[in-house]
Amino acid sequence: MYAITIPQPGGPEALTWAEVPDPVAGDGEVVVDVAASAVNRADVLQRRGHYNPPAGASPYPGLECSGRIAEVGPGVSGWAVGDEVCALLAGGGYAQKVAVPAGQLLPVPKGVDLVSAAALPEVTSTVWSNVFMVAHLRPGETLLVHGGSSGIGTMAVQLGKAVGATVAVTAGSADKLAACRDLGADILVNYREQDFAEEVTADVILDIMGAKYLSRNVDALAVNGRLVVIGLQGGVKGELDLGALLAKRAAVAATSLRPRPVDEKAAIVAAVREHVWPLIEAGTVRPIVDRAIPLAEAAEAHRVVEASTHIGKVLLTT
């Protein structure tokens, strides 16, 4: 098969289309013929040499995919060759085939085409595990989503609205804010012109920026608020005002998804299937796809993502 490899870390040109060995389904795994994958910020970091795959994971980038099951390994039940699926991966999605633990498989939702389904596993798992399983967003509360027009952001907006929350977003342009509004966002903050901490008081904040936003995130929290940090685009070290946190009886959590054990990922995927898949099949929530680019041209897809001009997900098709 062919896959995108990274012989040496570097810019988008470091991504190389190369022939590699086919994966084999191990115990509890299936092999999926990949129809599409998607670009995530973690892939960009891996390409730059800053985010190695977890031990035992595929060395190729790609944290999600969609496709058809080509092989079922020992110990797998409930799945068969030919099933159309999408999957959460620890790596390997930028390839024509990938081995996947069966617990990380999801059926392609009714009403979603096979390619578009590749836009779902990572964002639904990230948003559900953080906004609902960690921060316990409840109806009537306010959710603040930083980077509201991103893949994660567009899913967080939709799920927040689906459970009856008021949703605020930050984004850096009028067209991105308009896209968030169209998905249901109630409060729109242009971070280039406004200070979100002055515009929003939030019960839950989903943050991709890290250090740069830490103090203002605490300022923006309501009493009993919960801040969940899932990205470090604004740096890794910041000053935390514990006095302000205590006064608000607030909480700060930081999580990552990729390095979690297989059983933890399986629990998250099961929760997504139970709670999110019915919303997708009802049309309440949908994948937001900016564009699809051939997998062999993954370098171009990385340039798009790094330019941050996209809205929703950038897909890679085999």
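1. Does T255 count as buried or exposed? In this predicted model, T255 has a relative accessibility of 18% and therefore counts as buried, since buried means under 20% relative accessible area.

2. As for its surroundings, T255 sits in the loop that runs between strand β13 (251-254) and helix α8 (262-275). Leaving aside residues up to four places away in sequence, T255 touches N130, V134, V228, V229, I230 and R260. With one of these, N130, the contact is also polar, as the side chains of T255 and N130 are joined at 2.4 Å.

3. A second place to look is the pair of helices α2 (residues 121-134) and α3 (residues 151-162), whose axes come within 9 Å and cross at roughly 55°. The two helices are therefore oblique to each other, and the crossing in which α2 passes α3 is right-handed.

4. Where these helices meet, α2 contributes V123, T124, T126, V127, W128 and F132, while α3 contributes G151, I152, M155, A156, L159 and G160. Sorted by class, this contact holds eight nonpolar and four polar residues, with no charged residues.

5. Helix α10 (residues 298-307) has its own set of buried residues, namely A298, A299, A301, H302, V304 and V305. When reading such a list, it helps to recall that an α-helix has 3.6 residues a turn, so residues three or four places apart point the same way. The elements that cover the buried residues of α10 include β1 (2-5), α1 (41-48), β14 (289-294) and β15 (313-317).

6. Finally, the residue that follows α10 is S308, and its phi is positive, near 55°.

Technical notes:
Residues numbered from 1 in each chain as written. Predicted model: local features only at pLDDT ≥ 70, side-chain atom pairs only at ≥ 80, totals over all residues. Heavy atoms only, no water. Helix = DSSP H or I, 4+ residues; strand = E, 2+ residues; numbered from the N terminus. Buried < 20%, exposed > 50% of the residue type's maximum accessible area, 1.4 Å probe, protein only. Polar contact = N/O pair within 3.5 Å; in protein donor to acceptor, adjacent residues only side chain to side chain. Contact = heavy atoms within 4.5 Å. Axes fitted to C-alpha atoms, helices over the stretch in contact; angles between N-to-C directions. Parallel < 35°, antiparallel > 145°, perpendicular 65-115°, else oblique. Left-handed = near helix turned anticlockwise from the far one by under 90°. Nonpolar A, V, L, I, M, F, W, Y, C, P; charged D, E, K, R; others polar.
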